[in-house]
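Colleague: Got a minute to go through this model with me? I have a few things to ask about how it is put together.

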Amino acid sequence: MSFRDLRNFTEMMRALGYPRLISMENFRTPNFSLVAEILIWLVKRYEPQMDIPTDVDTESDRIFFIKAVAQFMATKAHIKLNTKRLYQADGYAVKEMLKITSVLYSAMKTKQMALGDRTEEDNNKFKFDLGSRISDLKTARQLASEVTAKGASLYDLLGKEVDLREMRTAAIARPLEINETEKALRAAIKEVLESVEKTKDMLSNVVSDETSLDAKIEKKKQELERNRKRLQTLQSVRPAFMDEYEKIEEDLQKQYETFVEKFRNLCFLESQLDEYHRLEQERFEEAENTMRMMQNVLREEEERDLTRSSLKDEDSDMDVPEDEGSDSDMEECRPSKPRPTRNGIMAGRGARFIGNMQGGDSDESEDSEIDVDEDDEEDDEGEEEESKDLEDDSLEGPVSRGAHPSKGGMRQPLLEESDNDF
């Protein structure tokens, strides 16, 4: 028994439709029940109406069964079976059963091929292939040109027939020599014998090649079995570094989780920092805008104060009464001099005093005192409004007051009086 025969037998039985799966290991040991089942199935497949005894319990029943199967196959299928090998029910029985399966398998293949060819013919009958028609047209043209050439050559040869007829008649009339005939026959026989020897050598080489190939196959099978056993051994043994590998893998997983958490926190903190910088920038711009507005307000108030002070100076000049007598004449003759509007600032309240260097009427002193009180009240109200504006602003740094003096700051007198006037 060879591995190839067993494989071919299992494949053929599967192709023929045997209901049971046949393993290659079933015939390592004698298995008469399986052999009997296969033989009954093959006989029924070949002749469904055939009755074969199926009792194989005793030795005589088994012998009668094997003889009946061998006789049926010899008479019906002309297949000669070795009953001794069939009775062994091992690998040698597979070789005998392979004879029956080969006949059935070849018949099935022939039937399938015939059906396939018939189907292809039916399909091609009603199929119009333009490409094939073009190729047929090209072939027809080529054959027409060849027919023309052959006709011309045949015409030339027939023109030489008159001369050749005499030569042919002379050659036929000449008697044959026996020695030359024997010599030609011996040469032909020798060539045939040489070809027969070459064929025998090739057949012997085929047998030797088959033997060597079988030996190589057996050797490869043994190597395959050894490698399988070695693979199973390696798979069953746990490597020495596997524990350390699993431990390092767990540590790597933990480190990765820590890295992901820190990276997420870092991204969150960066976003918070960007938000903080944006808010600081907005607050700084808002503070600059507020500072600019305050500067504009202070500048407008300063201009308004200057305008108001100039108007008050003009009003005070117009309210001074003229004295009768010589004093008024002397004053009329004396040139007018500029009057100081604001002389100084008190340390406590920062009130402004308006007066003149002429120790004049009590009315003028009373008017000046009233003006001083009004100016003090206006200055107090202005300072309170400024303090409220400064408290409402959300500035982080102090506002410089040196560049923009308030109402109560030191202001240089507009006009200075000289002692030469007296």
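Colleague: Let's start with Phe-27: which residues does it touch, leaving out those up to four places away in sequence?
Modeller: Keep in mind that this is a predicted model. With residues up to four places away set aside, Phe-27 touches Asp-90, Gly-91, Val-94 and Met-97, among others. The rest of its contacts are Leu-6, Phe-9, Ile-22, Leu-34, Val-35 and Ile-38.

Colleague: And in the largest nonpolar core, which residues touch the most other members?
Modeller: That core has 35 residues, and α1 (3-16), α2, α3 and α5 each supply at least two of them. Nonpolar side chains tend to be buried together in soluble globular proteins. The residues that touch the most other members are Phe-9, Phe-27, Ile-38, Leu-39, Met-73 and Met-97.

Colleague: Which helix gives the largest share of this core?
Modeller: Leu-39 is one of the core residues that touch the most other members, and Leu-39 lies in α2. The largest share, nine residues, comes from α2.

Colleague: How are α2 and α3 oriented to each other?
Modeller: Their axes are 11 Å apart and the packing angle is about 30 degrees. Angles under 35 degrees count as roughly parallel. So α2 and α3 are roughly parallel to each other.

Colleague: What classes of residue make up the contact of α2 with α3?
Modeller: On the α2 side there are Phe-32, Ala-36, Leu-39, Ile-40, Val-43 and Tyr-46, and they meet Arg-62, Phe-65, Ile-66, Val-69, Phe-72, Met-73 and Lys-76 in α3. Arg and Lys count as charged. The contact divides into eleven nonpolar, no polar and two charged residues.

Colleague: What about α1 and α2, how do they lie to each other?
Modeller: Here the axes are 13 Å apart, and α1 passes α2 in a left-handed crossing. The contact is made by Phe-9, Met-13 and Leu-16 of α1 and Ile-38, Trp-41, Leu-42 and Arg-45 of α2. At an angle of about 50 degrees, α1 and α2 are therefore oblique to each other.

Colleague: Is His-78, with its positive phi, buried or exposed?
Modeller: Most residues other than glycine have a negative phi. His-78 is not a glycine, yet its phi is about 55 degrees. It sits in the loop between α3 (59-76) and α4 (83-88). With a relative accessible area of 69%, His-78 is exposed.

Colleague: Then Ala-89, buried or exposed?
Modeller: Ala-89 is not a glycine either, and its phi is positive, about 55 degrees. Its place is in the loop between α4 and α5 (91-125). The cut-off for buried is under 20% relative accessible area. At 1%, Ala-89 counts as buried.

Colleague: How far is Thr-83 from Ala-93 in space, C-alpha to C-alpha?
Modeller: Thr-83 is in helix α4, and it is partly exposed, with a relative accessible area of 32%. Not counting residues up to four places away in sequence, Thr-83 touches Ile-66 and Ala-70. Ala-93 is ten residues from Thr-83 in sequence, and the C-alpha to C-alpha distance is 8.8 Å.

Colleague: Last one, on the whole chain: what percentage of its residues count as buried?
Modeller: The secondary structure comes to eleven helices and zero strands. Among contacts between residues at least 6 apart in sequence, 60% join residues at least 24 apart. Of the 422 residues of the chain, the part that counts as buried is 16%.

Note on methods: Residues are numbered from 1 along each chain as its sequence is written. This is a predicted model: local features need pLDDT of at least 70, side-chain atom pairs count only at pLDDT 80 or more; totals for chains, interfaces and linings use all residues. Side-chain values use heavy atoms; hydrogens and water are left out. Helices (H or I, at least four residues) and strands (E, at least two) are DSSP runs, numbered from the N terminus. Buried means under 20% relative accessible area, exposed over 50%, partly exposed in between (1.4 Å probe, protein chains only). Axes are lines fitted to C-alpha atoms, for helices over the stretch in contact, and angles run from 0 to 180 degrees between N-to-C directions. Angles under 35 degrees count as roughly parallel, over 145 as roughly antiparallel, 65 to 115 as roughly perpendicular and the rest as oblique. Contact means heavy atoms within 4.5 Å. A nonpolar core is a set of buried Ala, Val, Leu, Ile, Met, Phe, Trp, Tyr and Cys residues joined through side-chain atoms within 4.5 Å. A crossing is left-handed if the near helix is turned anticlockwise from the far one by less than a right angle, and right-handed if clockwise.
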